[in-house]
Amino acid sequence: MDADVYMACPDVMGNLQNRLYENLGGRFQLVPDGGGAATNDTGTEGRVSVADYDNDGYMDLLVTDGRANLGFPFHFGRRFLLQNQGGSNHWVKFKLLGCQSNRDAVGARVRVLAGGVWQARTLGGGIHNGVQDDPRPNFGLAGNTAVQSVVVDWPSGASTTLSGLTADQIYTVLESEACARR
């Protein structure tokens, strides 16, 4: 029920080894060799995109080792799809569709209550540093098999509240039931 941090570490002369920091209750600890996701240190301008590639609830990484000074006219480096093998924890994910707000719900805030713990995500569009992340907010639920409450605060000022959701599902949430978008 906490978010870890994975960092692509570009450098002018060649990338540094990428890093994974495990969230231990708000304190982050460096995981040796990136937990197997360090990648090689070739090229420059490495990137990382976070997405649930296989829709299993566990976030996967698409990592590039950047632009090498090899090849003509461009060489963007190798790409690595690092699939999270998951575990026994549960999760819930949402696809938000705005109606009065923008269709992609950029700016919406999603709050999830599970096991007495609130988590929150704000949709920022998922674009950063030349890559696109999964726009669907994903919440780890640890051992909880149900979600007590979900509150979506839309950019328009509207609010949607859901309750009693089952874990390990992807839910589509419309800003309004009258919304024509599906």
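This passage describes aromatic contacts, open and enclosed spaces, and one exposed site in a predicted model.

Two aromatic pairs are present in the structure. A pair of aromatic rings is described by the distance of the centres and the angle of the planes. For F94 and F139, the centres are 6.1 Å apart and the planes meet at 70°. The arrangement is therefore edge-to-face, as the angle is over 60 degrees. F94 belongs to strand β7, residues 90-97. F139 belongs to strand β12, residues 138-142. The two residues are 45 apart in sequence, so their pairing ties together separate parts of the chain. Both F94 and F139 are buried. Y171 joins F94 and F139 in one aromatic cluster.

A further ring contact involves K93 and W91. The charged end of K93 sits over the W91 ring. Its distance from the ring centre is 5.8 Å.

The largest pocket has a volume of about 1500 Å³. Its lining comprises 49 residues. Closest to the pocket centre are A3, V50, Y58, M59 and N138. Four elements, β1 (5-7), β7, β9 (117-122) and β12, each give two or more residues to this lining. Strands β7 and β12 thus recur here: they hold F94 and F139, respectively, and they also contribute to the pocket lining. By class, the pocket lining has 21 nonpolar and 19 polar residues. The remaining nine are charged.

The structure also contains one cavity of 30 Å³ or more. The volume of the largest cavity is about 30 Å³. It is lined by 11 residues. N15, N18, T39, T64 and D65 lie closest to the cavity centre. Six of the lining residues are polar, three are nonpolar and two are charged.

A178 lies outside these strands, in the segment that follows β15 (169-174). The relative accessible area of A178 is 73%. A178 is classed as exposed because this value is over 50%. Along the chain, A178 and C99 are 79 residues apart. In space, 8.7 Å separates their C-alpha atoms.

Taken together, the buried residues F94 and F139 contrast with the exposed residue A178. The pocket and the cavity can also be set side by side. Nonpolar residues number 21 in the lining of the largest pocket and three in that of the largest cavity. Charged residues number nine in the pocket lining and two in the cavity lining.

Conventions: Residues are numbered from 1 along each chain as its sequence is written. This is a predicted model: local features need pLDDT of at least 70, side-chain atom pairs count only at pLDDT 80 or more; totals for chains, interfaces and linings use all residues. Side-chain values use heavy atoms; hydrogens and water are left out. Buried means under 20% relative accessible area, exposed over 50%, partly exposed in between (1.4 Å probe, protein chains only). Rings of Phe, Tyr and Trp (its six-membered ring) pair if their centres lie within 6.5 Å; planes under 30 degrees apart count as stacked, over 60 as edge-to-face and the rest as tilted. A charge sits over a ring if NZ of Lys or CZ of Arg is within 6 Å of the ring centre and within 35 degrees of the ring normal. On a 1 Å grid over the protein atoms alone, a cavity is a set of points where a 1.4 Å probe fits but cannot get out, and a pocket is an open set with protein on both sides within 12 Å along at least five of seven lines; lining residues have an atom within 4 Å of a point. Grid points are joined across faces, edges and corners, and a volume is the space filled by probe spheres set on the points. Ala, Val, Leu, Ile, Met, Phe, Trp, Tyr, Cys and Pro count as nonpolar, Asp, Glu, Lys and Arg as charged, and the others, Gly among them, as polar.
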